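The following exercises are to be worked through with the sequence and the structure in view. Each task is followed by a solution in steps.

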2 protein chains.
Amino acid sequence: MKVSIRKIAELAGVSKTTVSFVLNNRGDEKNISSATQEKILAIVKDHNYKPNQLARSLSLGKTNTIGFVVPDISDPFYGKIAKHIDSCAEERFFKVMIANSHEDKNKESELINNLISRQIDGIILASTQVFESNKYKGVPLVYFDRISPNQKDSFIDINNQYSTEQITKLLIKRGHSKIGFISLTSYLPNIQDRITGYKNALIDSGFVTDENNIIDIDYNNKKESVVKALKTLLCTNNCTGIVFVNNVLAAEGVWALNTYFSELIEKVEFACFDNLDLFDYSLPKVTSVVQPIEDIAKNCLEMLCDQIDNSIIHKGKVLKTTIIER
Amino acid sequence: MKVSIRKIAELAGVSKTTVSFVLNNRGDEKNISSATQEKILAIVKDHNYKPNQLARSLSLGKTNTIGFVVPDISDPFYGKIAKHIDSCAEERFFKVMIANSHEDKNKESELINNLISRQIDGIILASTQVFESNKYKGVPLVYFDRISPNQKDSFIDINNQYSTEQITKLLIKRGHSKIGFISLTSYLPNIQDRITGYKNALIDSGFVTDENNIIDIDYNNKKESVVKALKTLLCTNNCTGIVFVNNVLAAEGVWALNTYFSELIEKVEFACFDNLDLFDYSLPKVTSVVQPIEDIAKNCLEMLCDQIDNSIIHKGKVLKTTIIER
DNA sequence: TTGAAAGCGCTAACAC
DNA sequence: GTGTTAGCGCTTTCAA
């Protein structure tokens, strides 16, 4: 039923070769008469013929497709990165295949192997398994967001530690001397770096760090867990500034403060990693770190293309965040 | 460099056929000795051999891949649908290729043609061009979210009109007699249906509809535009209830009210289409319509698979929303 | 200017 | 039980 290049060739009374040349814009280069070219193109259009990319890729050994593997595509952060990767890829005539690991290490391997067996040209990966070295030797690969502490392969990172240090210092500058940190039970290096940044800010400013002021949240039970943490930090430990390890927890914090500790709203200030529009019109004030999403996407793709096209393997690059002070 | 099935066959001292059968779990069926099977599998593992899916698909005429085309993958709504589609697809051994049309009609066609030329087995589409009939005859296709009013192909929809009618009536029940509608300049049928729902609610309750109470927002200038609309509706037209055509505009409304009309917060109530977590802890109260995201995803995939596997083309299905009253 | 033919890696009907 | 071979649809070298 479906038309193939052979059929087009037959109809045009030429060989497959000729059709192939014309279709790949090499007609002139190959000195194919414009009459023949036009005839072929007309027939192609007439039959709405679309070359089979599978066959083409098989023959060329190139799919012009890259894989984009993330823990959760419904997370707006990854969604936005995906969107920009897609835009950048388009300019370079690449298609993007997005794969969702659902934060599952085994699923991630499976997905990557699948992408590889589909002959994708490269991979951009936010990995769930940051402590394993690259198991996929031979495939161009760029890591982002979840970077192993001693990453040996290409990556695009941001300075988690420094940024968190900055927002903590902003709270200090505003007069807060007791500052708590609401964190996650997580092995992820970016989370660990944020904790370090918080601590460094305190130490740098001549305060002592107190482990009682750092509370891990049970992510499966965020809401209650944040309320409890705030109660400890604000009521028992007398903190007036709170740094949250991410925006989701900070949003919970805003809710908890309004719901259970509204008498403290004027006294307390928040800071957190990653912004949310909601912070524009919420009390208490939430100062936040903004990741350069577009830049991250752009750099990932550039680095990957350098590997694919020129076999140049850059080491890694750390991008700058910005801070919205509120 | 890369190992192929031929190489495996050579190493095992058998033919490609035998290897192929073993790899596709048809070894027993084909009565291949377990000794041979084990030997082959060992070599495969040893060389970390992964069959080239391109060649496989070319040969089989099936890619086990479906395309998922949306206007904006960074929109959490589409992100969540994508995630669930992906989960459902996995159970059926399908991979999903996500494509972003960036709300561009031409780009959308291009993407779909590309997917087709990559021989994907079917497409799930939220289209930017709802008024054109299916141009992609022959390819299994299911529409969602953006449905043409006289859609002839498979689709999964929700009842935009009825849901909006319900939330409007909730505001009426709470004692609001003057209710405004903040909408979008959009040709999209789902938007038009929401407007109709709002009007029906008023008429049903014995009120007259007043076109002055329906204001279109300039989406490129949301913030200011919403402030202006609220000013007209609340201050000039004396509305106390406002229905927003979607959650993004409602969020802007919450911000605007808090920022410019805070004296009205106690008197005014909002309702909108699509929920946001923020509405849990914002004032004024925002009653919202929740789309059954998981169900939408599940139904899209089931319908598509029925087309792919059994050539059964269901017409369309309208799913039920729920309402969060606040 | 154009075409024949080999090859990309895999499947499967058919033969032995 | 296993192998031969044609074929999936395209690219590209080499020959004419």
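**Exercise 1: An annotated domain**

UniProt, in an unreviewed entry, lists residues 3-60 of chain A as "domain: HTH lacI-type". The model examined here is a predicted one.

Task: Determine what percentage of residues 3-60 of chain A is helix and what percentage is strand.

Solution. Step 1: Assign the secondary structure of the span; residues 3-60 of chain A are 64% helix and 0% strand. Step 2: Locate the end C-alpha atoms of the span, which lie 21 Å apart.

**Exercise 2: The surface near DNA strand D**

Task: Describe which residues surround DNA strand D and which parts of the strand come within 4 Å of the protein.

Solution. Step 1: Count the residues around DNA strand D; there are 27, and the closest are Ile5(A), Tyr49(A), Arg56(A), Thr17(B) and Asn31(B). Step 2: Sort these residues by class, which gives nine nonpolar, 14 polar and four charged. Step 3: Identify the contributing helices; α2 (16-23) and α4 (53-60) of chain A, as well as α2 (16-23) and α4 (53-60) of chain B, each supply at least two residues. Step 4: Consider the atoms of DNA strand D within 4 Å of the protein; 62% belong to sugar or phosphate, and the rest belong to bases. Step 5: Examine individual polar pairs. A polar side-chain atom of Lys16(A) lies 2.8 Å from a base nitrogen of DNA strand D. For Ser20(A), a polar side-chain atom lies 2.7 Å from a phosphate oxygen of the strand, and an N or O atom in the side chain of Asn24(A) is 3.2 Å from a phosphate oxygen.

**Exercise 3: The surface near DNA strand C**

Task: Find which element gives the largest share of the surface near DNA strand C.

Solution. Step 1: List the nearest of the 26 residues around DNA strand C: Ser15(A), Asn31(A), Ile5(B), Tyr49(B) and Arg56(B). Step 2: Inspect the polar pairs; the side chain of Thr17(B) has an N or O atom 3.0 Å from a base nitrogen of DNA strand C, and that of Ser20(B) has one 2.7 Å from a phosphate oxygen. Step 3: Name the elements that give two or more residues, namely α2 and α4 of chain A together with α2 and α4 of chain B. Step 4: Select the largest share, which is the four residues from α4(B).

**Exercise 4: A sheet in chain B**

Task: State the strand order of the open six-stranded sheet in chain B and identify its edge strands.

Solution. Step 1: Read the order, β2-β1-β3-β4-β5-β11, with parallel pairing. Step 2: Find the strands that pair on one side only; these are β2 (95-100) and β11 (316-319) of chain B.

Methods
Residues numbered from 1 in each chain as written. Chains lettered and ligands numbered in written order. Predicted model: local features only at pLDDT ≥ 70, side-chain atom pairs only at ≥ 80, totals over all residues. Heavy atoms only, no water. Pairing = 2+ DSSP bridges. Near = heavy atom within 4 Å. Polar contact = N/O pair within 3.5 Å; in protein donor to acceptor, adjacent residues only side chain to side chain. Nonpolar A, V, L, I, M, F, W, Y, C, P; charged D, E, K, R; others polar. UniProt positions renumbered as here; feature names shortened; annotations may be inferred.
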